[in-house]
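Here are a few exercises to work through with the model open beside you. Try each task before reading its solution.

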Amino acid sequence: MQRSTARVLRGARIPRVATPPGRTLRVLTSLVRTPPVRARSARAGTPPLGLLYERHGEAAAVVQLKDLEVPKLGDCDVHVKMLAAPINPADINMIQGTYPLLSPLPAVGGNEGVGEVLEVGRRVKALKPGDWVIPADAGLGTWRTWGVFPEEMLLKVPSDIPVLCAATLSVNPCTAFRLLADFESLAPGDSVIQNAANSGVGQAVIQIARASGIKTINVVRDRHDLSKLVERLMALGADHVVTEEMLRKPEMKDIFKSIPRPRLALNCVGGKSTTEMLRHLQPKGTMVTYGGMAKQPVMVPVSAFIFRDMRLRGFWMTQWRKDHAQDQESVAAMMDALCQLIRRGQLTAPACTEVPLQDYRAALDASMKPFVSSKQILLL
Ligand SMILES: NC(=O)c1ccc[n+]([C@@H]2O[C@H](COP(=O)([O-])OP(=O)(O)OC[C@H]3O[C@@H](n4cnc5c(N)ncnc54)[C@H](OP(=O)(O)O)[C@@H]3O)[C@@H](O)[C@H]2O)c1
C-alpha cells in the first residue's frame with residue numbers, strides 16, 4: 001500500500017463528510033430495509049433452494065431455481081442462512097463459462113453476499129451463531145437460501161452495518177479501495193479519472209475518494225436521463241461527471257483549471273473510452289484496467305508511452321486475495337476501513353433493486369441490460 005493514500009484509506013485521516021443531500025429515495029430505502037421473511041426455512045433437514053446451473057451458457061437459459069442437496073455440518077463447517085446476494089458481471093461471465101475462474105458443475109451461482117451463522121461445527125473457532133459472514137473468496141455460490149461452508153471460506157463482518165452494504169462489500173468496495181491505494185501515492189487534493197463511473201466499483205471509488213479528499217472525474221455513457229445520473233453521482237461525492245463524448249472536447253481543459261490532472265485512471269471499459277480517458281492523465285501517470293465491459297482491447301497511442309511515459313497496469317481482486325492469503329492483517333485493515341466508512345454514512349450500498357429469489361429471471365435479465373444503473377440484489 002502506498003504512502004499517504006494508505007494512511008487516509010486505513011481510516012486514520014478520513015474526514016467527516018456529511019452524507020450528501022439529494023441521494024435517491026431508492027438508495028435510502030435500500031439501506032434501511034431488511035429482507036422480507038424468508039419463505040423457506042433454513043433449518044438443517046429442509047433442502048435449501050438455490051440458483052443452479054448444470055452447464056455453461058446464457059444465464060437465462062441455464063440457471064434454474066432448484067432444491068439443493070441437504071448438506072451435513074462437519075466439525076470445521078458453518079451453517080449459514082443467506083440474507084442477500086447481488087448479481088455482478090463476473091457471476092454472469094462464470095455462468096457463461098468465459099471467466100478465468102469457473103466452479104465445477106453443477107454449480108450454484110453468485111460470488112458475493114451476506115449470511116447469518118445459524119450453527120457451527122465443534123472445531124469452529126472464530127464464528128458463532130448470530131454472526132454475519134461474507135465469502136472470503138470467489139466461488140462460494142451465494143445464490144441460495146442456506147448452505148454449509150468450511151469456516152475458512154467465510155469472513156466475519158460486523159452486523160451493525162446495513163444488510164445491503166454487507167451483501168455488496170466483498171467485491172466492489174474492496175476493489176475500489178485497492179485501486180485507490182495500491183498504484184499511485186495519492187494525497188488529498190489529487191485527482192483520479194474513471195470510466196463506467198456509475199458501476200458498483202465506480203460508485204465505491206467516488207465515495208472512498210471523497211472521504212479521502214481525492215477529487216474524481218467520472219466518465220459515463222450518454223443516455224436519455226443523463227441529468228438524473230449526473231445528479232446521483234454528484235450526490236455521492238463526484239467532483240465532475242462527463243460523458244465519453246465529452247472526453248474529446250476542448251471544454252475538458254476547464255476542469256483542470258480547478259483540479260490537477262489525474263495521476264491515476266481506472267479503466268472498467270476498454271476500447272475507445274480508454275484511449276480517450278488516457279489523454280487526460282498526467283505524464284508518468286498510471287492507468288489500471290480492472291474491467292472490460294465494452295469487450296474491446298485497450299488501445300494506447302505510441303506517443304503516450306514515448307512522450308508521456310504512461311504506466312499501464314491491471315488488477316484482479318481474486319489475485320490480490322490469493323497473494324494476501326497469509327497476510328490477514330492487510331485484509332482486516334481494509335475491511336475495518338470500509339466498515340468505518342459505512343458506519344459514518346460515507347460509503348453506501350450501490351443504487352440497487354431488491355428482488356425476491358423467485359423473481360431471479362427478471363433480475364438476471366436486468367443485470368445484463370445497458371443503462372439500468374441499478375445493481376440487482378437477490379433477497380434470500
Ligand atoms: N478486476 C477486479 O477485481 C474486479 C472487481 C470487481 C468488478 N470488476 C469488473 O468491473 C466491471 C464492473 O463491475 P460492477 O459490478 O461494478 O458492474 P455494474 O455495477 O453491473 O456496472 C456495469 C457498468 O458497466 C457499464 N457498461 C456496460 N457495458 C458497457 C459498454 N459497452 N461500454 C461502457 N460501459 C459499459 C455500465 O454502464 P451503463 O449504465 O452505461 O450501462 C455500468 O457502469 C465488470 O467488468 C466487473 O467484472 C472487476
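**Exercise 1. Find how strand S1 and S4 pair, and place them in their sheet.**

Step 1: Strand S1 (residues 49-53) and S4 are joined by two bridges and run antiparallel. Strands here are DSSP runs of E of at least two residues, helices are runs of H or I of at least four, and both are numbered from the N terminus. Two strands pair if DSSP finds at least two bridges between them.

Step 2: Look at one bridge: tyrosine 53 has alanine 107 as its partner in S4.

Step 3: Now widen the view to the open sheet of three strands, ordered S2-S1-S4 with antiparallel pairing. Strand S2 (63-67) and strand S4 (107-108) are its edge strands, each pairing on one side only.

Step 4: Before S4, check the loop between H4 and S4, where proline 106 sits. The peptide bond from leucine 105 to proline 106 is cis, with omega about -10 degrees.

A note on the source: this is a predicted model, in which local features need pLDDT of at least 70 and side-chain atom pairs count only at pLDDT 80 or more, while totals for chains, interfaces and linings use all residues. Residues are numbered from 1 along each chain as its sequence is written.

**Exercise 2. Lay out the sheet of six strands.**

Step 1: The order in this open sheet is S11-S10-S9-S12-S13-S14, and the pairing is parallel.

Step 2: Strand S11 (240-243) and strand S14 (311-314) each have a single partner strand, so one side of each has no neighbour in the sheet.

Step 3: From one strand to the next, the twist averages 20 degrees. Angles run from 0 to 180 degrees between N-to-C directions, with axes fitted to C-alpha atoms, for helices over the stretch in contact.

Step 4: Inside the sheet, strand S12 (residues 264-267) and strand S13 (residues 286-289) run parallel and share four bridges. There, leucine 266 has valine 288 as its bridge partner in S13.

Step 5: Finish with the loop between strand S9 (191-194) and H7, which holds alanine 196. Alanine 196 is not a glycine, yet its phi is positive, about 45 degrees.

**Exercise 3. Describe the packing of H6 against helix H13 (residues 328-343).**

Step 1: Two packed helices are described by the angle between their axes and the distance between those axes.

Step 2: For H6 and H13 the angle is about 110 degrees and the axes are 11 Å apart.

Step 3: The two helices are therefore roughly perpendicular (65 to 115 degrees; under 35 is roughly parallel, over 145 roughly antiparallel, and the rest oblique).

Step 4: H6 contributes Pro173, Cys174 and Phe177 to the contact, and H13 contributes Met334, Ala337 and Leu338. Contact means C-beta atoms, placed from the backbone, within 7 Å.

**Exercise 4. Find which residues come nearest to the ligand, and which elements supply its shell.**

Step 1: Among the 26 residues around the ligand, the nearest are Ser199, Gly200, Arg221, Gly291 and Met317. A residue counts as near if its C-beta atom, placed from the backbone, lies within 6 Å.

Step 2: Helix H4 (89-96), helix H6 (172-182) and helix H7 (200-211) each give two or more residues to this shell.

Note on methods. Contact = placed C-beta atoms within 7 Å.
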